[in-house]
Amino acid sequence: LDNALRYYDEADRLLLSAAITRAIENGEPYDLKLNFTTAKGNRRRVRALCEPKKMHGKTVKLRGAFQDITEIDAAEKLIQAGEERYRVLAEHVHDIIWTANLDLELTYVSPSVLRVRGYTPEESMALGATNAGPSGTYKKLATTAHALLASASDQGDDSEEVATVELELNRKDGTIFPAEIVVSVLRDASAAPTGFLGVTRDITERKNSEMALRASEAQLKTTGRIARVGGWRYDVSARVLSWSDELYAMFERPRDYAPTVANSIAFCHADDRPQLQAAIDAAVAHGCPFDLEHRVVTHKNTLKWIRSICEPIVESGTTLRLQGSMQDVTALKEIEGHLRLLESVITYSDDAILITEVDIVDKSGPKVLFVNPAFTRITGINPDEIVGHTPRKLWKSFQDQTVAEALTTTVQNF
């Protein structure tokens with residue numbers, strides 16, 4: 001008995017305990033409405049009835065029943081609050097409130113249906129649930145409602161008797177919109193199901209936002225794949241590291257691989273590992289961001305250059321998490337190497353080399369961008385005397401105008 005009483009609110013527990021005592025000692029029956037919390041944490045309103053059985057003037061047995069009157073009690077409170085208040089609420093709420101019998105024949109539709117679907121309540125009820133949307137809409141709603149009813153019967157009175165379904169509905173102007181419908185079971189005083197209560201909401205904006213978000217995420221993934229950039233996030237207290245899809249591809253690991261800080265640092269080239277470890281330690285301990293380039297050796301033993309960026313999230317002096325990105329800059333490093341090699345060849349060449357713009361911006365000709373040391377040695381012209389000027393400045397240096405004309409023709413026909 002004590003185990004059963006613990007589910008009641010404290011005040012109701014005392015009330016019920018006193019009623020049980022009187023029933024045992026005096027044979028008094030009772031009929032109480034009490035607040036009850038199920039083992040699953042659901043708040044319910046119950047009706048507790050007891051009829052003592054006496055023999056030779058003494059109570060020998062208590063017989064009774066418990067009834068879940070949560071919905072009934074809520075309905076009674078609505079009625080007590082006044083029909084006018086309910087009417088005002090139904091008229092001004094944006095969502096459509098409706099009721100139906102067990103065959104899903106509509107018995108009430110709130111005035112808000114005119115704003116949402118363009119039908120008056122009378123027109124909506126005349127159309128019925130069967131014609132509320134495109135093919136398949138009614139079947140989806142009926143399946144949800146009847147499954148809810150069957151589930152409630154199987155699970156007993158502890159079930160919440162609420163289900164949510166998304167489907168499409170028609171408007172009077174012929175357009176179709178996505179809707180979310182929350183359905184619950186209506187019961188009478190004996191707890192027998194009598195129908196359904198539904199709330200219908202237009203979720204067009206939410207669906208559009210979801211579509212935009214998916215498109216944005218897809219674009220971000222595509223951009224990351226093309227740019228070879230992946231994101232990561234590290235929860236400092238939980239010590240959980242997560243990678244974006246691009247990082248799995250970058251390190252040539254399967255999607256079910258579980259990254260950690262330790263095994264991520266292990267990918268780093270041995271010579272670069274201390275630098276990366278120190279940067280991460282400083283980020284965790286002091287909230288220091290970092291942006292550095294280092295080498296990694298992937299799972300398939302591929303050597304890559306990576307640019308790692310970290311932005312710590314700090315609150316009240318404590319680093320909560322690290323988040324950042326990694327970019328595969330191997331190709332850029334190869335280009336930089338080629339450029340350095342080319343620069344070395346040009347710088348140490350014994351031949352005079354002069355580089356100009358490709359496009360001729362004005363009539364004076366293209367501008368000189370670079371001359372190598374050999375050019376200065378051969379011509380005696382310093383870089384600051386010719387860079388930024390047209391090569392025609394050189395023509396005055398040639399005694400033989402035939403050479404100057406030949407150079408001009410060559411440049412023009414290049």
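Here are some questions and answers about helix 11 and the chain that holds it.

This is a predicted model, where local features need pLDDT of at least 70, side-chain atom pairs count only at pLDDT 80 or more, and totals for chains, interfaces and linings use all residues. Residues are numbered from 1 along each chain as its sequence is written, and side-chain values use heavy atoms, with hydrogens and water left out.

Reader: How many helices and strands are there in the protein chain?
Author: Helices (H or I, at least four residues) and strands (E, at least two) are DSSP runs, numbered from the N terminus. Going by that, the protein chain has 16 helices and 15 strands.

Reader: How far apart are the end C-alpha atoms of helix 11?
Author: Helix 11 covers residues 273-286, so it has 14 residues. The expected span is 1.5 Å times one less than the number of residues. That gives 20 Å, and the end C-alpha atoms agree, being apart by 20 Å.

Reader: Which residues of helix 11 are buried?
Author: Buried means under 20% relative accessible area, exposed over 50%, and partly exposed in between (1.4 Å probe, protein chains only). In helix 11, the buried ones are Leu276, Ala279, Ile280 and Ala283.

Reader: Why are they on the same side of helix 11?
Author: Take the directions from the helix axis to the C-beta atoms, which define the arc. The buried residues sit on the same side because their arc around the axis is only 95°.

Reader: Which exposed residues are on the face turned away from the buried side of helix 11?
Author: Look at the face opposite the buried side. There you'll find Pro274, Ala285 and His286.
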